[in-house]
Amino acid sequence: MLARPSDPIVAIATASGRGAVGIVRVSGAQLDALIAAICGRALKPREATYLPFRDAAGAPIDHGLAIHFPAPHSFTGEEVLELQAHGGTVVLQLLLARCLEAAADIDRATGRQRLSGLRVAQPGEFSQRAFLNGKIDLAQAEAIADLIDASTEAAARSAGRSLSGAFSQEIHTLRDALIHLRMLVEATLDFPEEEIDFLQKADAAGQLASLQVQLGAVQQRARQGALLREGIKVVIAGQPNAGKSSLLNALAGAELAIVSAVAGTTRDVVSQTIQIQGVPLHVVDTAGLRDSVDEVEQIGVARAWNQIEGADAVLFLHDLTRVALPDHAEADAAIARMLAAKLPPYVPVLDIWSKQDAAADAPTTTGVVLSARTGFGIESLRQRLLELAGWQAVPEGVYLARTRHVQALSRVGQHLEIAAEHLSARAQSLDLLAEELRLAQNALNEITGEFGAADLLGVIFSRFCIGK
């Protein structure tokens, strides 16, 4: 993805638009001449210095703080220069252009090629250099982007724990235990003539069982972290005028969707992200499900089914004021059959009995009885949504994780299960046992980036913002 990682790079490291402060960041080697050209003097390492940033004629572009981080004591592990100026778009663009211009002038004046490769950084290139230079591992690099993108306080705190290395430390602990177990197996394979049974003496079976228990705890926290980062998509479905839009408004705490007694008011998809105990839920209100001759309503119903088919969970609304009517009950039954046919078995469908305040009787069947108007049952629904999401309170701090982390840990668990089977019959399966343990370690290494395909790195860092 990123060409010539040895090139010096420069970028605006703050968000576009106006602000009190903006930062231009340079990373590379032999930046002394560039510092002198822009700042007019040498800088003390890691000390903020207030001075004018000068153009080619020596006139000030702006006044601000300059900080020089000598290698390897910087974010990227290379020499880094940070110019903190006023956060105007024009000012930062002038500073960026000045860095590129000064680098070219220095090379022409000296006849050397020290800074000839200075170029604007690509998205994520600063973080990628930090990873390649061993300042952070891949899980920590991803946590940087997750911390920036965090939409809830819980997600931000969890991303911070991942960035500090909490998740990586758990993976390293698992890896170290796995390496020790592999060592025992390899010793038994290398010295079959010895009378000492390395595996039995070292209680390899006990070590493997303990490793599986540790892995289970890490998987639990990783699943919760992935949930905090990504949330789930919850689609509200049902007949027209069943209270779907009212429920969306009640969950969001705002009048997002038009509510009317006229059936078929909602013609398009209305969505809102809410959070419950820090877990983001992407709630989608859809058009009422019924046969219609209205062309616009038909499009709305088709879009509703598209949303339902991509849902992680479905809230199926039943109108308590009409549920006893034969036509209404028959239509609900038809929708239920279509939901069962269109949804995979692992997607839960929760029955919601709406308009409790206007109904004479409440149903005795399972589900949640509520009134969007009075708020009755809304808190119960929130708790059920957390259950549907799979959220569980974890005593230890949750770290933010990604789907790929959860999938990698799942593969580790699968390899360890097969390894346990081979260990129980090790006289015939030692080679296969060693191979499963090796594959388990490779899956672990993919999480921190100690082993992985180059294209995986490209995908991860290309999604970062420029200057990060």
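Okay, let's start inside. Ala-139, Glu-142, Ala-143, Asp-146, Ser-162, Phe-167, Leu-400 and His-405 line the largest cavity. Before I go on, keep in mind that this is a predicted model, and what I'm quoting is computed from it.

So how much space lies in that largest cavity? About 40 Å³. And which helix gives the largest share of the lining? That's helix 4, residues 138-149, with four residues. Sorted by class, the lining of the largest cavity has four nonpolar, two polar and two charged residues.

The structure holds two cavities of 30 Å³ or more, so to speak of the other one: the second largest cavity has about 30 Å³ of space. Lining it are Leu-174, Leu-178, Leu-211, Leu-215, Val-412, Leu-416 and Leu-444. Helix 6 (166-190), helix 8 (204-230) and helix 13 (403-424) are the elements that give two or more residues to that lining. As for class, it's seven nonpolar, no polar and no charged.

Please hold on to two names from those lists. Phe-167 is in the lining of the largest cavity, and Leu-416 is in the lining of the second largest cavity. Both come back now, in the largest nonpolar core.

That core has 31 residues, and Phe-167, Leu-409, Leu-416 and Leu-437 are the ones with the most contacts inside it. Helix 6, helix 8, helix 13 and helix 14 (426-448) each supply at least two residues of this core. Which helix gives the largest share of it? Helix 14 does, with eight residues.

What does Phe-167 touch, once we leave out residues up to four places away in sequence? The list is Ala-139, Arg-161, Ser-162, Val-218, Tyr-399, Leu-400, Ala-401, His-405 and Ile-447. You'll recognise some of those from the cavity: Ala-139, Ser-162, Leu-400 and His-405 are among its lining residues.

There's also a second, separate core, this one of 30 residues, including Val-234, Leu-247, Ile-352 and Ile-378. Val-234 is my way into the strands.

Let's look at strand 9, residues 279-285. Is strand 9 mostly covered or mostly open? Mostly covered: six of its seven residues are buried. Strand 9 has two partners to talk about. With strand 7 (residues 232-238), the pairing is parallel, over five bridges. Here's where Val-234 turns up again, standing opposite Val-283 in strand 9. With strand 8 (residues 270-276), the pairing is antiparallel, over seven bridges. Over there, Ser-271 stands opposite Val-284 in strand 9.

Strand 8 and strand 9 make a hairpin with two residues between the strands, and in that hairpin Gln-277 takes a positive phi near 55°. A bit of background here: most residues other than glycine have a negative phi, and most peptide bonds are trans.

With that in mind, a few backbone spots are worth pointing at. Gln-30 has a positive phi of about 55° although it is not a glycine. Where is Gln-30? In the loop between strand 2 (19-28) and helix 1 (32-39). Gln-30 counts as partly exposed because its relative accessibility is 40%.

Next is Arg-46, again not a glycine, with a positive phi near 55°. You'll find Arg-46 in the loop between helix 1 and strand 3 (49-54). Its relative accessible area is 49%, so Arg-46 is partly exposed; the cut-off for exposed is over 50%.

Then there's the peptide bond. Which residues does the cis peptide bond join? Ala-71 and Pro-72, with omega about 0°. Pro-72 lies in the loop between strand 4 (60-69) and strand 5 (79-87).

Last stop, the second largest pocket. How much space lies in it? About 370 Å³. Its lining is made of 19 residues, and Leu-227, Gly-231, Ile-232, Asp-312 and Ala-389 lie nearest its centre. Helix 8, helix 12 (378-389) and helix 13 each supply at least two residues of that lining. Helix 8 has the largest share, six residues. By class, the lining of the second largest pocket has 10 nonpolar, six polar and three charged residues.

If you take one thread away, make it helix 8: it supplies residues to the lining of the second largest cavity, to the largest nonpolar core, and to the lining of the second largest pocket. That's my tour.

How values were computed: Residues are numbered from 1 along each chain as its sequence is written. This is a predicted model: local features need pLDDT of at least 70, side-chain atom pairs count only at pLDDT 80 or more; totals for chains, interfaces and linings use all residues. Side-chain values use heavy atoms; hydrogens and water are left out. Buried means under 20% relative accessible area, exposed over 50%, partly exposed in between (1.4 Å probe, protein chains only). Two strands pair if DSSP finds at least two bridges between them. On a 1 Å grid over the protein atoms alone, a cavity is a set of points where a 1.4 Å probe fits but cannot get out, and a pocket is an open set with protein on both sides within 12 Å along at least five of seven lines; lining residues have an atom within 4 Å of a point. Grid points are joined across faces, edges and corners, and a volume is the space filled by probe spheres set on the points. Ala, Val, Leu, Ile, Met, Phe, Trp, Tyr, Cys and Pro count as nonpolar, Asp, Glu, Lys and Arg as charged, and the others, Gly among them, as polar. A nonpolar core is a set of buried Ala, Val, Leu, Ile, Met, Phe, Trp, Tyr and Cys residues joined through side-chain atoms within 4.5 Å. Contact means heavy atoms within 4.5 Å.
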